[in-house]
Amino acid sequence: MKDKRPESLLLSIADGALPGDIPAGPGVYIFHSQEKRPLYVGKSKKLRQRLLSYFRQPAALPAKTRIMVQKASYLEVVLTRTEKEALILEAEFIARYKPRYNIRLRDDKAYPFIRLGLKSRFPRLSIVRKRKRDGALYFGPYTSSHALRQALRIIFNVFRLRSCSDAAMKKRSRPCLKYQIERCSAPCTGEISCQEYMEEVSRARAFLEGRAGFVVSQLEQEMKTAAGRLEFEKAALYRDQLQALKRVLEAQAVVLDSYSNLDVVHIELDGENAHAAVLKIREGTLGTKHSMGLHVSLEKDIEGVYADFLKIYYSSSMVPPEIVIPVKLAENPGVQALLEHFRNGRVRIKHAVRGKRKNLLDMARINALQGLRESRQREAGWRELSSLLKKRLGLRNRPNTTEGIDISNISGSLPVGSLVSFDRGEPNKSGYRHYFLKSPGPDDYAMIREVVERRIQRGLRDKDLPDLLLIDGGPGQLGVAQKVLEEYGIVDQVDLVSIAKERQEKGERIFIPGLSKALTLDPGDRVLLFCQRVRDEAHRFGVKTHRARRSRKMFESQLLAIPGIGPSRQLLLLKHFGSIDKIACAQVEELEKVPGLPSRVCTEIVNYFREQEKIGKD
Ligand code: SF4
């Protein structure tokens, strides 16, 4: 994705009229709110004509489109040379800004990709959450952690690619534990030649592209050749790789001919809600199923929903050579051109299918219907629960966004504030935050104050305040948070409650500003269960980071166990190398570059970490 934004023209449309200087050619347009937040991104090959349709007869516009135009204060236009360029830019802007009035994936998590960096002599495998245009290969996104774990297990067990960073690999004088447990072929110390390693890379690549059958036949061939040459050790290695791969393939259902690579997509639409199911068929076997809710804000016909979905979904997913959908796309050439651009190859979008493909479409429809049914149930459940929350907790409105705050520390050391976010009763991980606290510990009130204040400052800046803030604590913590809301003048914008365990774990009490008596709800009460869920999630999230911080600190303090290292040399080393891992991999000559570190101490450091490595292996 391009980081640099192309030249654009920002025009004020505060008076509801289209500015006169809009060019006629192709381009992308963005409606912005008063706060310059993108509301809607569209494209057209005749920009002026398209934009006139929004302003000429506002009363004739569909209701939701009219509301969107009324909310817009600015119009941004970006000219492109061709319609295809406009299509690509539109998809980039939608993915980047996630405008409120474009079709949005409800479940907008950053799913992991497997990245294979090809620039290195021995390509490395890593897990990333964002795709970049950096010449590397990206596979995924993996929406199921089981599928990701399985793919990684195969890559490391069968193909034995390295996972360490380039810097760590360069510094190795001996292979690490991964070589001993046969999860890496140890290119770091030349245990495998570059050519052999690259053969494994190309097999891993074929496997990740869904061509496992091809990898199997290649391995069979290699095994026979090795056995023919009496290279039994090599043949045994290929045999083990084959067995591991076949076990994975046997678990997959064969649904089409072995050369079929396609996605089957079905969308069920219900007003503003929709649900999409994507079945991924690779080499004829049914691989992963991806099921996701969509939000359709503007009036769209079903063809428009499919066109927008394909643009958004495949801007971050691998595009197969064939996509089967149940409708004929009016915009087919445009969507197809965009998908071919993403794929860098030919893509066929089929709609009139029969036989096995039709059966797969039916299967996708059943999955989409089931997803829609579940999201309707969740929505109804949330409506009921949010009304109960409003009534029992005396809130001003039914809360759509709820955030929970907790503090994790041990006697005030390494305090971490955690904030979790729930959107309509479901965790919204993109809203989770950690705060490394500066407040002097152990002062719970000061730490709560710091987290609430930092959250509110961000919320005011980004115009993104939660409806309900839930604090882990009693009246003291609640009072501190309430004071912050008062200081920022937002008491009437954010509802606040706190939850605390009663003494001797007898139950839970909920504290509400202005009420001297705590609310005690029955253990199975839905309001109490929801508050506990938010609080427990904040606690879990905070404890996880606090533990990681603590063990990093303990690991760093290992340095102090080395003769000749005190706090100032420890600081010097960490500053020079950036991390304890890099210090542990460093050779004497590299350590000697640290100003003021005697050679004797450098040797002590190397010996210490060698010793630790030996103990680890034993
Ligand atoms: S064995 Fe070598 S190349 Fe493999 S992960 Fe360990 S350090 Fe990296």
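Is Arg-540 buried, partly exposed or exposed? Select Arg-540 in this predicted model: with a relative accessible area of 37%, the residue is partly exposed. Next, add Glu-537, which forms a salt bridge with Arg-540, the closest N and O atoms being 2.9 Å apart. Both residues belong to helix H15 (residues 526-557), where three residues, about one turn of the helix, separate them. Glu-537 counts as buried, at 14% relative accessibility.

Now select Glu-322, Arg-348, Lys-350 and Arg-357, which are joined into one network by salt bridges that share partners.

Proceed to Arg-81 and Glu-85, whose side chains meet in a salt bridge (2.5 Å, N to O). Arg-81 is exposed, at a relative accessible area of 71%, whereas Glu-85 is partly exposed, at 26%.

A further pair is Arg-160 and Glu-182, with a salt bridge of 3.9 Å, N to O. Arg-160 is found in the loop between helix H4 (145-159) and helix H5 (166-171), and Glu-182 in the loop between helix H6 (177-180) and helix H7 (194-208), so the pair ties together parts that are 22 residues apart in sequence.

Turn next to helix H2 (residues 63-71), whose buried residues are Thr-65, Met-68 and Val-69. These three lie on the same side of H2 because they cover an arc of only 95 degrees around the axis. Display strand S2 (27-32), strand S3 (38-44) and helix H1 (47-55), which are among the elements covering them.

Finally, select the ligand. The residues that surround the ligand include Arg-162, Cys-164, Arg-172, Cys-176, Cys-184 and Cys-188. This shell comprises eight nonpolar, no polar and two charged residues.

Terms used:
Residues are numbered from 1 along each chain as its sequence is written. This is a predicted model: local features need pLDDT of at least 70, side-chain atom pairs count only at pLDDT 80 or more; totals for chains, interfaces and linings use all residues. Side-chain values use heavy atoms; hydrogens and water are left out. A residue is near a molecule or strand if one of its heavy atoms lies within 4 Å of it. Ala, Val, Leu, Ile, Met, Phe, Trp, Tyr, Cys and Pro count as nonpolar, Asp, Glu, Lys and Arg as charged, and the others, Gly among them, as polar. Buried means under 20% relative accessible area, exposed over 50%, partly exposed in between (1.4 Å probe, protein chains only). Helices (H or I, at least four residues) and strands (E, at least two) are DSSP runs, numbered from the N terminus. The arc is that of the directions from the helix axis to the C-beta atoms. Contact means heavy atoms within 4.5 Å. A salt bridge is a side-chain nitrogen of Lys or Arg within 4 Å of a carboxyl oxygen of Asp or Glu.
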